[in-house]
Amino acid sequence: MQEKEINNSLDSIKSELNNSQLECKRLNEQLTLIVTQQLQKGKLIEELKSELKKLENTNDINKIKKVIGRLLRKIDFEETMEGNIDSFSFHFDKANQEFLHRITLQYPDLTYKDHKLCVYLRLNMSSKDIAPLLNISVRGVEISRYRLRKKLNLHKQQNLVEFLGRF
């Protein structure tokens, strides 16, 4: 009888340890993404500083206006591309190759766009946060989520985010 209780206790401890390891892994992935984004922002700031230093001794108003316009466009572009999916996917793949490999093996019909959505959902991002990253409306994200659920053959009762989190 005691041996059975000890085995049950050991199984319970192993399960808790496994859950803790999975949570730690997810947190590491999120940290990796945050660091990557910070590095990209730092690079942008250095580029902007360099361009502005070049203008420091310039008296040509037209040249100054052109460079400022270019810098503003660059800032606007970086804002819209913040979290650029190519960079994001690259670093996410590095941090979690197993997830994308497993999902691709089990669901080979998923598209690149589906993979991106899976990644964002696995990080528990909201549709509102995902929309600008996929360059679509919030409604478009909801439609994509619906189509993804169909491709994954999930029942209405199954939570998509939880499903991907356990995948």
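## Exercises on an all-helix model

Asn-124 counts as exposed, with a relative accessibility of 58%. We will come back to this residue shortly. Keep in mind throughout that the model is predicted.

### Exercise 1: Get the overview

Task: work out how many helices and strands the protein has, and what share of its residues is buried.

Solution.
- Step 1. Start with the secondary structure: there are eight helices and zero strands. Read from the N terminus, the order is accordingly α-α-α-α-α-α-α-α.
- Step 2. Turn to burial. The protein has 167 residues, and 29% of them count as buried.
- Step 3. Look at the surface. About 12,200 Å² is exposed, and carbon and sulfur atoms supply 54% of that area.
- Step 4. Check the contacts along the chain. Among contacts with a separation of 6 or more, 57% join residues that are 24 or more positions apart.

### Exercise 2: Two asparagines with an unusual backbone angle

Task: find where Asn-124 and Asn-153 sit, and say whether the phi of each is positive or negative.

Solution.
- Step 1. Recall the usual case: most residues other than glycine have a negative phi.
- Step 2. Take Asn-124 and its position. This residue is in the loop between helix 5 (112-122) and helix 6 (127-134). Its phi is positive, near 65°.
- Step 3. Do likewise for Asn-153. The loop between helix 7 (138-151) and helix 8 (160-166) holds this residue, and its phi is positive too, near 55°.
- Step 4. Add the surroundings. Asn-153 has a relative accessibility of 60%; because the cut-off for exposed is over 50%, Asn-153 is exposed. Asn-124, at 58%, is exposed as well.

### Exercise 3: Helix 5 and its partner

Task: decide how many residues of helix 5 are buried, and whether helix 5 and helix 7 run roughly parallel or roughly perpendicular.

Solution.
- Step 1. Count the buried residues of helix 5: nine of 11, so the helix is largely enclosed by the rest of the structure.
- Step 2. Name them. The buried residues are Asp-114, His-115, Lys-116, Leu-117, Cys-118, Val-119, Tyr-120, Leu-121 and Arg-122.
- Step 3. Set up the geometry. Two packed helices are described by the angle between their axes and the distance between the axes. For helix 5 and helix 7, the angle is about 100° and the axes are 11 Å apart.
- Step 4. Classify the angle. Values from 65 to 115 degrees count as roughly perpendicular, so helix 5 and helix 7 belong in that class.
- Step 5. List the residues in contact. Helix 5 contributes Lys-113, Asp-114, Leu-117, Cys-118 and Leu-121, while helix 7 contributes Val-141, Ser-144, Arg-145, Leu-148 and Lys-151.

### Exercise 4: Follow the charges

Task: say how many salt bridges the whole structure has, then work out which helices hold Asp-114 and Lys-151.

Solution.
- Step 1. Remember the principle: side chains of opposite charge can pair when their charged atoms come close. A search of the whole structure gives six salt bridges.
- Step 2. Begin with a pair inside one helix. Glu-46 and Lys-49 form a salt bridge, 3.7 Å from N to O. Both lie in helix 1, three residues apart, which is about one turn of the helix. Glu-46 is partly exposed at 48% relative accessible area, and Lys-49 is partly exposed at 43%.
- Step 3. Move on to a pair between helices. The closest N and O atoms of Glu-51 and Arg-70 are 3.4 Å apart in their salt bridge. Glu-51 is in helix 1 and Arg-70 in helix 2 (residues 61-80), so this pair, 19 residues apart, links distant parts of the chain. Glu-51 is buried at 17% relative accessible area, whereas Arg-70 is partly exposed at 40%.
- Step 4. Now the pair in the task. Asp-114 and Lys-151 meet in a salt bridge of 2.6 Å, N to O. Asp-114 belongs to helix 5 and Lys-151 to helix 7, so parts 37 residues apart in sequence are tied together. Asp-114 is buried at 9% relative accessible area, and Lys-151 is partly exposed at 37%.
- Step 5. Finish with shared partners: salt bridges join Glu-51, Lys-54 and Arg-70 into one network.

### Exercise 5: A nonpolar patch

Task: identify which residues make the nonpolar surface patch of about 290 Å².

Solution.
- Step 1. The patch is made by Ile-6, Leu-10 and Ile-13.
- Step 2. Place one of them: Ile-13 is in helix 1 (residues 2-55).

Technical notes
Residues are numbered from 1 along each chain as its sequence is written. This is a predicted model: local features need pLDDT of at least 70, side-chain atom pairs count only at pLDDT 80 or more; totals for chains, interfaces and linings use all residues. Side-chain values use heavy atoms; hydrogens and water are left out. Helices (H or I, at least four residues) and strands (E, at least two) are DSSP runs, numbered from the N terminus. Buried means under 20% relative accessible area, exposed over 50%, partly exposed in between (1.4 Å probe, protein chains only). Contact means heavy atoms within 4.5 Å. Accessible areas come from the Shrake-Rupley method with a 1.4 Å probe; for residues, only the protein chains shown count as cover. Patches are made of residues with over 30% relative accessible area and no salt bridge: like charges are joined within 9 Å, nonpolar side chains (Val, Leu, Ile, Met, Phe, Trp, Tyr) within 5 Å. A salt bridge is a side-chain nitrogen of Lys or Arg within 4 Å of a carboxyl oxygen of Asp or Glu. Axes are lines fitted to C-alpha atoms, for helices over the stretch in contact, and angles run from 0 to 180 degrees between N-to-C directions. Angles under 35 degrees count as roughly parallel, over 145 as roughly antiparallel, 65 to 115 as roughly perpendicular and the rest as oblique.
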